[in-house]
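Me: I have a structure open and a pile of labels I'd like justified. Can we go through them one by one?

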Amino acid sequence: MQRPLALLTWLAYPVYVWQGLGVRRRTTRMLPAQGPVMHDLSGNAPAISLLVLGDSSAASVGIGNSENGLAAQLAVLIAQNTGRAVRWRAAGFNSATSGHIRDHVLPNLSADPWTHIVLAIGTNDTKNFHSVPRFKKEFGGLLYALRAKWPEARVVWSPVLEFTRAPAMPSLLGKILEIRATAMNRMGERLCLERGAVPAPRLPITNPEEGFASDGFHASEAGYRAWAEHLVGLVLAS
């Protein structure tokens, strides 16, 4: 049933363009958070090395300081749960798609010995109306590249959030993108299971007013905190 629905969204493409341009016109473009993109937390050995890689959510867009972003808050929770030292890096980029990360970011990342990798990607693939076959090729290739570069790392993918819960989304546009997000997430989960990564459950959005930033699309500090709490157990699971 989901595949026919995804195909039908192409018939709604004019609505997507019209309402999408309206959202872009009304929404202030937010910049990545200020502050460190790499940091060390003290604790016991052996240290955990955490790389958070992906789009604007990995760059903590929506808040002022990166120390309240996804990577930093997840690192703090890991340190609290394990008592171990944590070295973290956020490698996030505004508007990045799976293909951007695969082709332009990953080849330029030094092969530091990351033990845990959180992949936050797919939102822009969906928002840009990429097809599922294109996502399969680009996201699937990204997973292959990650496993080749860090074969022993635990890789966790956080899937695309619910578009219908984002305050900036008009109802119809949110529904169109949500259909496509569901198809992307189904493909992403399959690829993760095939290629040595762990698909996380979708982050439940219970309080959009608190969880989203002023632009109604990116996470707030509370949203990033909830996201980190949602992922930490899966990241640490053996």
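Reply: Sure. Keep in mind that this is a predicted model. As a starting point, R102 touches P107, K137, E138, G141 and L142, leaving out residues up to four places away in sequence.

Me: What makes those residues count as contacts of R102?

Reply: Contact means heavy atoms within 4.5 Å, so P107, K137, E138, G141 and L142 each meet that cut-off with R102. R102 sits in helix α4, residues 98-105. There's also a C-alpha distance to look at: R102 and L146 are 44 residues apart along the chain, and their C-alpha atoms are separated by 8.7 Å.

Me: Which residues of α4 are buried, and what do they pack against?

Reply: The buried ones in α4 are S98, G99, I101 and V105. The buried residues of this helix pack against β2, α5 (123-127) and α6 (132-149).

Me: Why is S66 called buried?

Reply: Its relative accessible area is 7%. Buried means under 20%, so S66 qualifies. S66 lies in the loop between β2 (44-54) and α3 (70-82), and touches A33, Q34, G35, P36, S60 and A72, not counting residues up to four places away in sequence.

Me: How do you know that S66 and P36 make a polar contact?

Reply: The backbone oxygen of P36 lies 2.6 Å from a polar atom of the S66 side chain. The cut-off for a pair of N or O atoms is within 3.5 Å, so the distance fits.

Me: And F217, why is that one called partly exposed?

Reply: F217 has a relative accessible area of 22%. Buried would need under 20% and exposed over 50%, so F217 falls in between. F217 is in the loop between α8 (208-211) and α9 (221-236). Setting aside neighbours within four places in sequence, F217 is in contact with T123, K127, F163, A166, A168, M169 and F212. The C-alpha atoms of F217 and G62 are separated by 8.3 Å, with their positions 155 residues apart along the chain.

Me: How do you know that β1 and β3 are paired?

Reply: Pairing takes at least two bridges, and 4 bridges join β1 (residues 38-41) to β3 (residues 84-92), so they count as a pair. These two strands run antiparallel, and H39 stands opposite W88 in β3.

Me: What about β2, which strands does it pair with?

Reply: β2 is joined to β3 by 8 bridges, running parallel, and G54 stands opposite G92 in β3. β2 also pairs with β4 (residues 116-120) in the parallel sense over 5 bridges; the partner of L53 in β4 is L119.

Me: What makes the sheet open and mixed, and which strands are its edges?

Reply: The 6 strands form an open sheet in the order β1-β3-β2-β4-β5-β6, with mixed pairing. The edge strands are β1 and β6 (198-199), each of which pairs on one side only. Helix α7 (residues 171-194) packs on the sheet, touching β5 (154-158) and β6, and its direction makes about 170 degrees with that of β5.

Me: Which elements make the right-handed β-α-β unit?

Reply: β2, α3 and β3.

Me: And the chain as a whole, how many helices and strands, and how much is buried?

Reply: There are 9 helices and 6 strands, and 53% of the 238 residues count as buried.

Technical notes: Residues numbered from 1 in each chain as written. Predicted model: local features only at pLDDT ≥ 70, side-chain atom pairs only at ≥ 80, totals over all residues. Heavy atoms only, no water. Buried < 20%, exposed > 50% of the residue type's maximum accessible area, 1.4 Å probe, protein only. Polar contact = N/O pair within 3.5 Å; in protein donor to acceptor, adjacent residues only side chain to side chain. Right-handed = clockwise from strand over helix to strand, strands pointing away. Axes fitted to C-alpha atoms, helices over the stretch in contact; angles between N-to-C directions.
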